[in-house]
Amino acid sequence: MNSVWPIAHDGGAATGPAARLSPATLPGLPASVQRPGYDRDATRIGIVHFGPGAFHRAHQAVYVDDLLAHDPGWAVCAVSLRSPDVRDALQPQDGLYTLALLGERPSLRVIGSIREVLCAPQQRRAVMSRLVDPDVRLVTLTITEKGYCLSADGIDAAHPDVSRDLVQPEQPITAIGWLVAGLRERRERGLAPYTVLSCDNLADNGGRLRRAVLDYARRVDRGLAGWIEDHVGFPRSMVDSITPATDDALRAQVASALGVEDAWPVQREAYAQWVVEDDFRAGRPPFERVGVVISSEVEGWDRAKLRLLNAPHSALAYLGSLMGMGTVAEAMREPVLAGFIERLMREDILPTLTLPVGFDPDAYIGAVLARFRNPAIAHLLSQIAWDGSQKLPVRVLGTMADGLGKDGRVDRLALVVAGWLHFVVRQARAGDALSDPMSAQLLRIGAAATGDAAHDVAGFLALESVFGALAADARFVAAVREAYAALGDGGPTAVARALTAAVQA
């Protein structure tokens, strides 16, 4: 991280090195550090959030911090479902923590929207008290897909945590169990239900969460399930911002800049986006006043992100790795690769999209390219390259299918697919690991590659779970074969030559 923040003696009164960030030390921070622009003591908790990890604290909690300057009734009670670490770090700081915004001019901001931090296994009564507090009208979640314990159409009842909750629903340990327990208690007390908002990167997150909650509730109390079905909103949402993990280097730089210690600062790029469906049954925070997009077309925004952000990310991961690049920013400094990515977005991906109302494609593409070039974010291509067998079907292959359906060109998109194939072959030949659920199959196919495009591509296209019906489309097969052959031996020179031809075509 590029540290050019002012140090403490450039700002206010000096504090001892052992002092912690807190309401008492807040006034003495350097003048350049942004701090809450409202009276924290006048705020009321209106949101319970499950899963207060780095992403929530760098994203949704920041929007809420802005919101509290307009409406003090939406402060956050942050609830950890397992570990007490966040509570133990932030409780002595009265919930305050530092956000480092990473860019050419990095900046620091103290966030004050979290007014209470709880650990559910250790503070069950306090968590339930918040869930039945009439002031709480919204419950949000960032618990990763695994935390929802989902099945294809509802809850995974065989999951050990879910099966345990179904036996003891009054002592939940899962997020779904807590949501239903809180709603059951509110119904019994004659209170209006809260709205439940998933903020995880999960397709149809609100719909899938609703089905899981109803499935679980029916197994506990069918009457309660009917009440939830009739009265509880589960808005869909889309979130976006790159949030690197907190490390000791960040802690040290923040402490140096503030002049006080922060036990758990967080960092992210300056860019952030949040799109939320307007399905609130108990009053909605005026999110639109702080930059949240309220839309009935969340699916369209999500698809645009998937294709215009995630697909180019995968293109950079595989083609950039083959060219010897290490990070996204480094790859974007290679003119031919950067030019290829921009043409891919504007000429091959954008025409396949039906854009939602309010979506500005030129502004969005420009913002994505600027994000990719951000030198302060060391986003590793090797990490983006993980799980290609799962990512490519939704990021790239769907776009190719749509392009073929419109008789559009797919040769540049085919280079992305071929780049993945060459990447797998390279890993197999080098005896290197491949982070992918299908790694064993992929590495076997990669090890059997001969360099002949027809032979090698046929081996990969036999993976029906990846390529599906496209493997039988002669136009698709021909495009991938030609792209694979164009990449030659998959080395930097051959890849650069193929990209140059694709940009000039």
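# A tour of sheets, loops and helices

Select Val-275 to start: its bridge partner in β11 is Val-293. Before moving on, note that this is a predicted model, where local features need pLDDT of at least 70, side-chain atom pairs count only at pLDDT 80 or more, and totals for chains, interfaces and linings use all residues. Residues are numbered from 1 along each chain as its sequence is written, and side-chain values use heavy atoms, with hydrogens and water left out.

**Stop 1: the sheet around Val-275**

Now select strand β10 (residues 273–276) together with β11; the two run parallel and are joined by 2 bridges. Two strands are said to pair if DSSP finds at least two bridges between them. The strand and helix names come from DSSP runs, numbered from the N terminus: helices are H or I runs of at least four residues, strands are E runs of at least two.

Add β8 to your selection, and you have an open sheet of 3 strands in the order β8-β10-β11, with mixed pairing. Which strands sit at its edges? They are β8 (237–240) and β11 (293–294), each pairing on one side only.

**Stop 2: a second sheet, with a hairpin**

Next, select β4, β3 and β9. These 3 strands, in that order, form an open sheet, and again the pairing is mixed. Here the edge strands are β4 and β9 (266–269), each of which pairs on one side only. On average, neighbouring strands of this sheet are turned by 30 degrees against each other, with direction ignored.

Helix α2 (residues 60–67) packs on this sheet and touches β3, β4 and β9; its direction makes about 75 degrees with that of β4. Contact here means heavy atoms within 4.5 Å. Angles run from 0 to 180 degrees between N-to-C directions, and axes are lines fitted to C-alpha atoms, for helices over the stretch in contact.

Follow β3 (residues 97–102) into β4: the two run antiparallel and share 5 bridges, and a hairpin of 4 residues links them. One bridge to find pairs Leu-101 with Ser-107 in β4. On the β9 side, β3 pairs in the parallel sense over 4 bridges, and Leu-102 has Glu-269 as its bridge partner in β9.

Is β4 mostly covered or mostly open? Of the 5 residues in β4 (residues 107–111), 4 are buried. Buried means under 20% relative accessible area, exposed means over 50%, and partly exposed lies in between (1.4 Å probe, protein chains only).

**Stop 3: Asn-374**

Select Asn-374, in the loop between α14 (361–373) and α15 (381–384). Its relative accessibility is 11%, so Asn-374 counts as buried. Leaving out residues up to four places away in sequence, Asn-374 touches Leu-102, Gly-103, Glu-269 and Ala-329. You have already met Leu-102 and Glu-269 as bridge partners.

**Stop 4: two positive phi angles**

Most residues other than glycine have a negative phi, and most peptide bonds are trans. Select Thr-144, in helix α5 (residues 144–147): its phi is positive, near 65 degrees. Thr-144 is partly exposed, because its relative accessible area is 47%.

Then go to Asp-387, in the loop between α15 and α16 (388–405). Its phi is positive too, near 60 degrees, and at 26% relative accessibility Asp-387 counts as partly exposed.

**Stop 5: two helix pairs**

Two packed helices are described by the angle between their axes and the distance between the axes. Select α16 and helix α17 (residues 411–430), which pack at about 165 degrees with axes 10 Å apart. They are therefore roughly antiparallel. Angles under 35 degrees count as roughly parallel, over 145 as roughly antiparallel, 65 to 115 as roughly perpendicular, and the rest as oblique.

Among the contact residues are Leu-392 and Val-396 of α16, and Val-417 and Trp-420 of α17. The residues of this contact divide into 9 nonpolar, 3 polar and no charged. In this count, Ala, Val, Leu, Ile, Met, Phe, Trp, Tyr, Cys and Pro are nonpolar, Asp, Glu, Lys and Arg are charged, and the others, Gly among them, are polar.

Finally, select helix α13 (residues 335–349) and helix α22 (residues 492–504). Their axes come within 9 Å and cross at roughly 45 degrees, so α13 and α22 are oblique to each other. Residues meeting here include Phe-340 and Arg-343 in α13, and Leu-499 and Val-503 in α22. This contact divides into 7 nonpolar, 3 polar and 1 charged.
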